[in-house]
Amino acid sequence: MIFIIWTTIVLAICTITDLKGKYIYTWICGANASAAILIHFFLKDITVNVVGMGILIGSVAFIVSILTKEKLGRGDAWIIMTIGCLEGGIFMISVLIWTFILFNIYAISGIGLKFFNLKSKLPLVPFALIANVFVAVVSGGKI
C-alpha cells in the first residue's frame, strides 16, 4: 500500500509540472524508480513482475517515443517506468489500460465538441494519476 501512496504523490507532482509547464522532470521519475528498486531489493520482493515488467514496458514506451517523434513524450515513458518500478508490472498494466481509456474518452469528447483538434498536444499524466487512484481503490491496493 505504501508504494501506491508513493506513486500517487509522484504522479501528483508530475501532473502539476505537466499542466503548468508542459514538462515532466525526468529526474523525479528516475530518482523515485531507483529508490523503489532499492527498497524492493531490501524487502526481497524484487522479481520480474515487480521491477522487470516496469523497466521492460518503460523501455518500449521510450522506443515508441523515439519512433513517433514524441507523440508519446519521453516524460510519459519515464512515468510508465516509474509506476512499474514502484507498484509492479501487473498493477502498472491495469493503470495504463485505465489511463488510455480515460485519455481517449477525454480526447474524443474534446475533438467532438471542437475544444481541440487532432494536432493538439494533451497531457497524459493527469489521466495516469486518476487511473492510479481508481485502480488502487477498486483493487483494494492488491493486484
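The paragraphs below walk through a predicted model, taking its helices and how they pack in turn.

A convenient place to begin is helix α1, which covers residues 2–21, and its relation to helix α2. The axes of these two helices come within 11 Å and cross at roughly 170 degrees, and because angles over 145 degrees count as roughly antiparallel, α1 is roughly antiparallel to α2. On the α1 side the meeting residues are F3, W6, V10, I13 and C14, and on the α2 side they are I28, C29, N32, A35, A36, I39 and H40. Sorted by class, this contact has 10 nonpolar residues, 2 polar residues and no charged ones.

Between α1 and α2 runs a loop, and K22 has its place there. The phi of K22 is near 55 degrees, a positive value in a residue other than glycine. This deserves a second look, because most residues other than glycine have a negative phi. K22 counts as exposed, because its relative accessible area of 57% lies over the 50% cut-off.

Helix α2, residues 26–42, also packs against helix α4, residues 74–87, and here the axes come within 9 Å and cross at roughly 20 degrees. Because angles under 35 degrees count as roughly parallel, α2 is roughly parallel to α4, and the crossing in which α2 passes α4 is left-handed. From α2 the contact takes T26, C29, G30, N32, A33, A36, I37 and H40, while α4 supplies G75, W78, I79, T82, C85 and L86. By class, the residues of this contact divide into 8 nonpolar, 6 polar and no charged. Several names recur from the earlier pairing: C29, N32, A36 and H40 of α2 are listed in the contact with α4, and they are also listed in the contact with α1.

Helix α4 itself is regular in length, with 14 residues reaching 20 Å from the first C-alpha to the last, close to the 20 Å expected at 1.5 Å a residue. How much of α4 is buried? Of its 14 residues, 12 are buried, so α4 is largely enclosed by the rest of the structure. Those buried residues are G75, D76, A77, I79, I80, M81, T82, I83, G84, C85, L86 and E87. Just after α4 comes G88, which takes a positive phi of about 100 degrees.

One residue of α4 that can be followed more closely is D76. Its relative accessibility is 12%, and D76 therefore counts as buried, the cut-off being under 20%. If the neighbours within four places in sequence are left aside, D76 is in contact with I24, L124 and V125. The C-alpha atoms of D76 and F62, which are 14 residues apart along the chain, are separated by 8.6 Å.

Farther along the chain is the loop between α5 and α6, in which K114 lies. The phi of K114, near 65 degrees, is again a positive value in a residue other than glycine, and K114 counts as exposed at 72% relative accessibility.

Helix α6 comprises residues 125–139, and its 15 residues should span 21 Å at 1.5 Å a residue, which agrees with the 21 Å between its end C-alpha atoms. Its buried residues are V125, P126, F127, A128, L129, A131, N132, V135 and A136, and the buried residues of α6 pack against α1, α4 and α5, the last of these being 89–112. Just after α6, G140 takes a positive phi of about 70 degrees.

The pairing of α6 with α1 leads back to the starting point, for the axes of these helices come within 8 Å and cross at roughly 160 degrees. This makes α1 roughly antiparallel to α6, and the crossing of the two is left-handed. In this contact α1 contributes I4, T7, T8, L11, A12, C14, T15, D18 and L19, and α6 contributes V125, P126, A128, L129, N132, V133 and A136. By class the contact has 11 nonpolar, 4 polar and 1 charged residues.

Within α6, A128 offers a last detail. A128 counts as buried at 5% relative accessibility, and, leaving aside its neighbours within four places in sequence, A128 is in contact with L11, V95 and T99. The C-alpha atoms of A128 and I66, 62 residues apart along the chain, are separated by 21 Å.

Conventions. Residues numbered from 1 in each chain as written. Predicted model: local features only at pLDDT ≥ 70, side-chain atom pairs only at ≥ 80, totals over all residues. Heavy atoms only, no water. Axes fitted to C-alpha atoms, helices over the stretch in contact; angles between N-to-C directions. Helix = DSSP H or I, 4+ residues; strand = E, 2+ residues; numbered from the N terminus. Parallel < 35°, antiparallel > 145°, perpendicular 65-115°, else oblique. Left-handed = near helix turned anticlockwise from the far one by under 90°. Contact = heavy atoms within 4.5 Å. Nonpolar A, V, L, I, M, F, W, Y, C, P; charged D, E, K, R; others polar. Buried < 20%, exposed > 50% of the residue type's maximum accessible area, 1.4 Å probe, protein only. Expected span 1.5 Å × (residues − 1).
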